[in-house]
Amino acid sequence: MPFKDMREYIARLEHEGEIQRITAEIQPVLEVGAIIRHSYDLRAPAPLFLNLRGYPGHRILGAPIGLSREKNKTFARFAVSMDMAPESSPLDIIDEYIRRLAKPIKPVIVEDGPCKENILVGDEIDLQGFPAPVLHREDGGPYLGTWHVNITKDPDTGVRKWGMHRLMIHDQKTMGGLFLPGQNMGIHYYTKYEPRGRPMEFAIALGTEPVTPWVASTRLPPSISEMDIIGAIRGAPLELIKCETVDLEVPATSEIVIEGFVPPYERKDEGPLGERAGFLVSDRAPRPVYHVTAITHRNNPILPVTCAGAPVDDFTVALSLTKAANILDESRRQGFSVRRVYCPPEALSYWTVVSTKVPNSGYVRRLAQAIWETGWGRSSRYLVIVDENIDPTDMGQVLWAISTMCHPKRWLIQAENIPGHPLLPSIGPEGNSNHIGPYTLFDCTWPREWPKAAISAKASFDDNWPREVQEKILRNWGAYGYQKEGPE
């Protein structure tokens, strides 16, 4: 059964040993961020802060889908969010994600929900009444929104789009944030609302059931409804409820909901924020302003918080799996013989490893171009294509393929002037200013000049010994004095 709210999800994580309750008094300024960041580094359980200095009755959940250190449970929190076994491998999760995508489920509107337990309007509105943390030493201010959903609508069609864009508190009733012109919210604001001199209504939902934020961060195309995909992943419709002051809907079990509008041509300095590239590369700059017209929240609300920085954090965990799944699904739809796709979370989604059957000499370049042309493949600055007998989740195998089968000159192929992301130091100030940069293809498939028969002579345990020998060795592994965690 899908989780109805974040509280049910926390209870399940606690059952799985993936929650660390912290009862000591913690300061939201820097201390919360430091604890979350160190929990990422150690792959420790998600910290649940129960005693926040100056904010009685408020709680924070850090690292909601961070990686786990327990053997064979690396992606336990993400798997649990999908109601899968915590032992599920990344390839298991990717396969199940693709299977569920095929059956979108539309949301339903309900009349009442827990997010309406407290309704604040007018002078009651106070963003500073929530324990928004200052996460990093150089951050421009307290960030209320780091793991949430931003909701806006197309003024022409009324179609709602959901995304995730950071939110820094300016004062009691205003926030600032970064949303790019090429993102759905940016398309709405910069190409439709602002040129017409119209304010853009928004709703922010924090502390939803666990699937919503990572689907919102997936960057689905304009033609696909995030709400329908959330329903597909959950296997049940998402319950929505109408906002108080804007013509939008939010998940009914949200912990906190913020409503309002972004006026045209108003800017106020926002940032910087320690970002997912691992550096403070976004500067403090004039950015659009969110004006708040209502806040609703549950009693004793729980604020979800992530602490972006050197990998791995929640955003890179989600993107590594959803991006790989979407590239795999789209590549197969286009007729490519792709076996597996994996985006190592340590590479922030900028590395994509594809294992595939190679039917002809021009296949690899055509596949690379097709991936780069998809919305999900645009961040694949380093695209590694390997033969189908390479496991893309095994970095030892991937590095072996790069080292032995990718010619440093002939099969290392670069493409210039491709749309990029403004938070990457590697492409330099000029590339960041115009969002343009180079891509690289590592063709690590079997070299054309070598006989195909030689590829079957891979000198590994699985490939180079008769099946009966392998079975005998595995059967007697313990008898040789080895521990059971040897090869299986």
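Which helix is D463 found in? The views below take that residue as their starting point, and they come from a predicted model.

**View 1. D463 sits in helix α12, with a side-chain partner at S460.** Helix α12 covers residues 461-464, and D463 is found there. Look for the side chain of S460: the side chain of D463 makes a polar contact with it, at 2.6 Å. D463 counts as partly exposed because its relative accessibility is 38%. To place this spot in the wider fold, pick L328 as a landmark. D463 and L328 are 135 residues apart in sequence, and their C-alpha atoms are 26 Å apart in space.

**View 2. T212 is tucked into helix α6 and is buried.** The helix here spans residues 211-216. With a relative accessible area of 0%, T212 falls under the 20% limit, so it is called buried. The side chain of T212 makes a polar contact with the side chain of E209, at 2.4 Å. Setting aside residues up to four places away in sequence, T212 touches V149, W162, I230 and L238.

**View 3. W214 is one of the residues with the most contacts inside the largest nonpolar core.** That core has 80 residues, and F78 and I233 share the most-contacts list with W214. Zoom in on W214 and leave out its neighbours within four places in sequence. What remains in contact with W214 is I65, F78, S81, M82, Y97, W147, I233, A318 and T322. Another core lies apart from this one; it has 39 residues, among them I36, L120, V262 and V292.

**View 4. Strand β17 is covered on both faces.** The strand takes in residues 302-305. On one side are I302 and P304, on the other L303 and V305, and all of them are buried. Now bring in strand β3 (residues 59-62), which runs parallel to β17 and is joined to it by four bridges. One of the residues to pick out is R59, whose bridge partner in β17 is I302.

**View 5. F179 and Y189 make an edge-to-face aromatic pair.** A search of the whole structure turns up 14 aromatic pairs. For F179 and Y189, the ring centres are 5.6 Å apart and the planes meet at 90°. F179 is in the loop between β10 (174-176) and α5 (184-193), while Y189 is in helix α5, 10 residues apart. Both F179 and Y189 are buried. Pull back a little and include Y190, F202 and Y290, which form one aromatic cluster with F179 and Y189.

**View 6. W351 and Y382 are a stacked pair that links two strands.** Why is the pair of W351 and Y382 stacked? The planes of the two rings are at 15°, with centres 5.2 Å apart, so the pair falls under the 30 degrees that stacking calls for. W351 belongs to strand β19 (residues 351-356) and Y382 to strand β20 (residues 382-387), 31 residues apart. W351 counts as partly exposed because its relative accessibility is 26%. Y382 is partly exposed as well, with a relative accessible area of 30%.

**View 7. E266 lies in a loop and has a polar contact with H291.** The loop is the one between β14 (256-262) and β15 (267-270). A polar contact of 2.8 Å joins the side chains of E266 and H291. With neighbours within four places in sequence left aside, E266 is in contact with Y189, R287, P288, V289 and H291. Is E266 buried or partly exposed? E266 is partly exposed, at a relative accessible area of 29%. For a sense of distance, use L127: its C-alpha atom is 19 Å from that of E266, and the two residues are 139 apart along the chain.

**View 8. C243 and C343 are cysteines without a disulfide partner.** The disulfide count comes to zero. For C243, the nearest cysteine sulfur is that of C115, 8.0 Å away. For C343, the closest cysteine sulfur is in C444, and at 15 Å it is too far for a bond, because a disulfide needs the sulfurs within 2.5 Å. C243 counts as buried at 10% relative accessibility, and C343 counts as buried at 0%.

Conventions
Residues numbered from 1 in each chain as written. Predicted model: local features only at pLDDT ≥ 70, side-chain atom pairs only at ≥ 80, totals over all residues. Heavy atoms only, no water. Buried < 20%, exposed > 50% of the residue type's maximum accessible area, 1.4 Å probe, protein only. Polar contact = N/O pair within 3.5 Å; in protein donor to acceptor, adjacent residues only side chain to side chain. Contact = heavy atoms within 4.5 Å. Phe/Tyr/Trp six-rings, centres within 6.5 Å; stacked < 30°, edge-to-face > 60°. Pairing = 2+ DSSP bridges. Core = buried A, V, L, I, M, F, W, Y, C linked by side-chain atoms within 4.5 Å.
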